[in-house]
Amino acid sequence: MEARLQRRIQRYGWDAAAPAYDNSWSIQLWPTHDTLLKMASLKPGMRVLEIACGTGLVTMRVADAVAPGGSVFATDIAGEMVAETANQALSKGFDNVETARMEAENLPLEDDSFDVAICALGLMYVPDPVRALAEMCRVVKPGGIVAVTVWGERRNCGWADIFPIIDARVKSEVCPLFFSMGVPNVLAASMETAGLTRIEQTRRTVDMLFPDYVSLLHAQIDGGPVALAAKRFSRATREEVDSAFLASVSGYRQEDGSYKIPGEFVSAIGSP
Ligand SMILES: C[S@@+](CC[C@H](N)C(=O)[O-])C[C@H]1O[C@@H](n2cnc3c(N)ncnc32)[C@H](O)[C@@H]1O
């Protein structure tokens, strides 16, 4: 797909997902964010750049970890996401968070100007992930850290049928290469190509808990990468999609009606 089109789909798609994202994903992604934050070795006083900040789930935790004296510059391609991160910082009382709308592959930022660059679950959506990693490498000081998490392999993510289910009903082209970064060694190899050294990578499966089918559909369809496509559905198509998706995850339904769905994540760090 043409890169410009992919960026537009991401920008407006995540604008559409912004209102549903934060409360749908904060608990489910907490352990994965934990792994990434530990690997980033954040300390008070550090200046951190965040790429693809979404609604600020990672941003607030970084702001806390680098205080006092440190700050986080949170960026995302979607204006609604950036606005939500700014709101969250304001309402939670963080005065060390700055925000801006920015594309991962083109950072209008000076070389060697951050201690750490961090990106949680954003790289799969970027047309040229190596270029985005090279940009993170460029703006981080020598000896600093670039820390990234992506979804793992398709077969290890229990919710993965959402993409073909949506694609069968609307030409969505959400992210054709979504799981390609999660294939063994691809993230580490991309980091190396981008100029990073001393790369360490871990792969981990997390059971994501959704209390009921309503919260599951809300997270996966209204608050995820397919949100824009789903907005175009008629009521009948939406009902069809909901049933098809619930059928695809029926093996993960617990006796009490909740869902425990495995998600695999790959996290890696490297240094410029
Ligand atoms: C799943 S959300 C992740 C949000 C947050 N980092 C988290 O872990 O909760 C993916 C984010 O990537 C952003 N994104 C997609 N393509 C991008 C690009 N080319 N440049 C910057 N951000 C992008 C989206 O707007 C969206 O907010």
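The following conversation concerns the ligand and the cavity in this predicted model.

Q: What kind of model is this, and how are residues numbered?
A: The model is predicted; local features need pLDDT of at least 70, side-chain atom pairs count only at pLDDT 80 or more, and totals for chains, interfaces and linings use all residues. Residues are numbered from 1 along each chain as its sequence is written, and side-chain values use heavy atoms, with hydrogens and water left out.

Q: Which residues come nearest to the ligand?
A: Tyr21, His33, Ala52, Asp76 and Ala120 come nearest, out of 20 residues around the ligand (a residue is near if one of its heavy atoms lies within 4 Å).

Q: How far is a ligand oxygen from the side chain of aspartate 76?
A: An oxygen atom of the ligand is 2.5 Å from an N or O atom in that side chain of aspartate 76. For tyrosine 21, the corresponding value is 2.7 Å, and for histidine 33 it is 2.8 Å.

Q: Which classes make up the shell around the ligand?
A: The shell has 14 nonpolar, 4 polar and 2 charged residues. Here Ala, Val, Leu, Ile, Met, Phe, Trp, Tyr, Cys and Pro count as nonpolar, Asp, Glu, Lys and Arg as charged, and the others, Gly among them, as polar.

Q: Which helix gives the largest share of that shell?
A: Helix H1 (residues 3-39) gives 4 residues, the largest share; helices are DSSP runs (H or I) of at least four residues, numbered from the N terminus.

Methods
A polar contact is a pair of N or O atoms within 3.5 Å; within protein, one must be able to donate a hydrogen and the other to accept it, and residues adjacent in sequence count only if both atoms are side-chain atoms. Helices (H or I, at least four residues) and strands (E, at least two) are DSSP runs, numbered from the N terminus.
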